[in-house]
Amino acid sequence: MIYTSEVENMCCVLKGADHGPAPIPEEGKWVQAKEIKDISGLTHGIGWCAPQQGTCKLSLNVKDGIIQEALVETIGCSGMTHSAAMAAEILPKKTILEALNTDLVCDAINTAMRELFLQIVYGRTQTAFSEGGLPVGAGLEDLGKGLRSMTGTTYGTAAKGPRYLELTEGYITRLALDEENAIIGYEFIHLGKMMEMIKKGEDANEALKKAKGHYGRFDNAPKYIDPRHE
């Protein structure tokens, strides 16, 4: 350690305030976090790239400072899907400090990591007041049946109006319209369930029928359209 001559010539004065950091809530406990290993929690965060072409939702389950589980969900940019695959391979087993300073290829994922780091080290996690936190695997359970992200894709023009393409329930196959051509319901395919049935040996056409559902006043609507082609 090198000191300037001004500091060298100063007399010593007692540093009285030495009570440590303020405690933060972690998995049902109050913790005075002084080192990375003192940090635990599960939380989610969103990141975006500089041109704002895409976004990433990152979920991390951290135990004793080490990432035990990472769920990476991306939308809006084809290159991000490859970055997501790399991030899912890179992040587990790293400390959150290592992860913050790891090049995760895509800026949206890097930004999400930064936002999560801030939440976690300040005790603003989803499990701040949950005793024992959540087990490893909780992030995967967020995806539900078929292990697919919840996505919503809708489109609209001034000339032709709105089109629902994909919503949380699944891939939209038909829109139901009333007499004034307003949307009153839709038919969807739950792709995760369909693929599970096909994997178990079910005929694809039968699986498609069984995975179909509808929402709203779909039955007996005056008119139906294919949102992708009409």
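A salt bridge is a side-chain nitrogen of Lys or Arg within 4 Å of a carboxyl oxygen of Asp or Glu. The exercises below use a predicted model.

**Exercise 1. Salt bridges**

Task: Show that Lys-210 and Glu-202 form a salt bridge, and state how exposed each partner is.

Solution:
- Step 1. Side chains of opposite charge can pair when their charged atoms come close.
- Step 2. Check the distance. From N to O, the side chains of Lys-210 and Glu-202 are 2.7 Å apart. The cut-off is 4 Å. The two side chains meet in a salt bridge.
- Step 3. Check exposure. Lys-210 has a relative accessible area of 53%, so this residue is exposed. Glu-202 has 26% and is partly exposed.

**Exercise 2. A bridge between strands**

Task: Find which parts of the chain the salt bridge of Lys-57 and Glu-73 ties together.

Solution:
- Step 1. A search of the whole structure finds nine salt bridges. One of them joins Lys-57 to Glu-73, with the closest N and O atoms 3.5 Å apart.
- Step 2. Locate the partners. Lys-57 lies in strand β4 and Glu-73 in strand β5, so the pair ties together parts that are 16 residues apart in sequence.
- Step 3. Add exposure. Lys-57 is partly exposed, at 29% relative accessibility. Glu-73 is buried, with a relative accessible area of 13%.
- Step 4. Look at another bridge. Asp-38 pairs with Lys-37, and their closest N and O atoms are 3.8 Å apart.

**Exercise 3. The largest nonpolar core**

Task: Describe the largest nonpolar core and say which elements build it.

Solution:
- Step 1. Take the members. This core has 24 residues. Cys-56, Leu-58, Leu-60, Leu-91 and Ile-109 touch the most other members.
- Step 2. Map the core onto elements. At least two residues come from each of β4 (55-63), β5 (66-75), α2 (78-90), α3 (96-100) and α4 (107-121). Helix α4 gives the largest share, seven residues.
- Step 3. Zoom in on Leu-58. Leave aside its neighbours within four places in sequence. Leu-58 then contacts ten residues' worth of surroundings that include Thr-43, His-44, Leu-91, Ile-109 and Leu-116.
- Step 4. Look elsewhere. Another core, of seven residues, lies apart from the largest one. Leu-167, Leu-175, Leu-177 and Tyr-186 are among its members.

**Exercise 4. Aromatic rings**

Task: Classify the ring pair of Tyr-164 and Tyr-186.

Solution:
- Step 1. A pair of aromatic rings is described by the distance of the centres and the angle of the planes.
- Step 2. Five aromatic pairs turn up in a search of the whole structure. In the pair of Tyr-164 and Tyr-186, the ring centres are 6.0 Å apart and the planes stand at 80°, so the pair is edge-to-face. The cut-off for that class is over 60 degrees.
- Step 3. Place the rings. Tyr-164 sits in strand β7 (residues 161-167) and Tyr-186 in strand β9, so the pair ties together parts that are 22 residues apart in sequence.
- Step 4. Judge exposure. Tyr-164 is partly exposed, at 27%. Tyr-186 is buried, at 7%.
- Step 5. Widen the view. Ring pairs link Tyr-164, Tyr-186, Phe-188 and Tyr-215 into a cluster.

**Exercise 5. Buried or exposed?**

Task: Sort Thr-127, Lys-34 and Val-7 by burial.

Solution:
- Step 1. Thr-127 has a relative accessible area of 1%, so this residue is buried. Its place is the loop between α4 and α5 (138-141). Beyond residues up to four places away in sequence, Thr-127 touches Glu-26, Glu-27, Gly-28, Gly-41, Leu-42, Gly-133 and Leu-134.
- Step 2. Lys-34 reaches 62% and is exposed. This lysine is in the loop between β2 (29-31) and β3 (41-48).
- Step 3. Val-7, at 37%, is partly exposed. Val-7 belongs to helix α1 (residues 5-8). Together with Met-1, Tyr-3 and Met-10, Val-7 forms a nonpolar surface patch of about 520 Å² accessible area.

**Exercise 6. Helix α6**

Task: Name the buried residues of α6 and elements that cover them.

Solution:
- Step 1. Helix α6 spans residues 191-199. Gly-192, Met-194 and Met-197 are buried there.
- Step 2. Their cover includes β9 (183-189) and α7 (204-210).
- Step 3. Go just past the helix. Gly-201 takes a positive phi of about 100°.

Notes: Residues are numbered from 1 along each chain as its sequence is written. This is a predicted model: local features need pLDDT of at least 70, side-chain atom pairs count only at pLDDT 80 or more; totals for chains, interfaces and linings use all residues. Side-chain values use heavy atoms; hydrogens and water are left out. Patches are made of residues with over 30% relative accessible area and no salt bridge: like charges are joined within 9 Å, nonpolar side chains (Val, Leu, Ile, Met, Phe, Trp, Tyr) within 5 Å. Accessible areas come from the Shrake-Rupley method with a 1.4 Å probe; for residues, only the protein chains shown count as cover. Helices (H or I, at least four residues) and strands (E, at least two) are DSSP runs, numbered from the N terminus. Buried means under 20% relative accessible area, exposed over 50%, partly exposed in between (1.4 Å probe, protein chains only). Contact means heavy atoms within 4.5 Å. A nonpolar core is a set of buried Ala, Val, Leu, Ile, Met, Phe, Trp, Tyr and Cys residues joined through side-chain atoms within 4.5 Å. Rings of Phe, Tyr and Trp (its six-membered ring) pair if their centres lie within 6.5 Å; planes under 30 degrees apart count as stacked, over 60 as edge-to-face and the rest as tilted.
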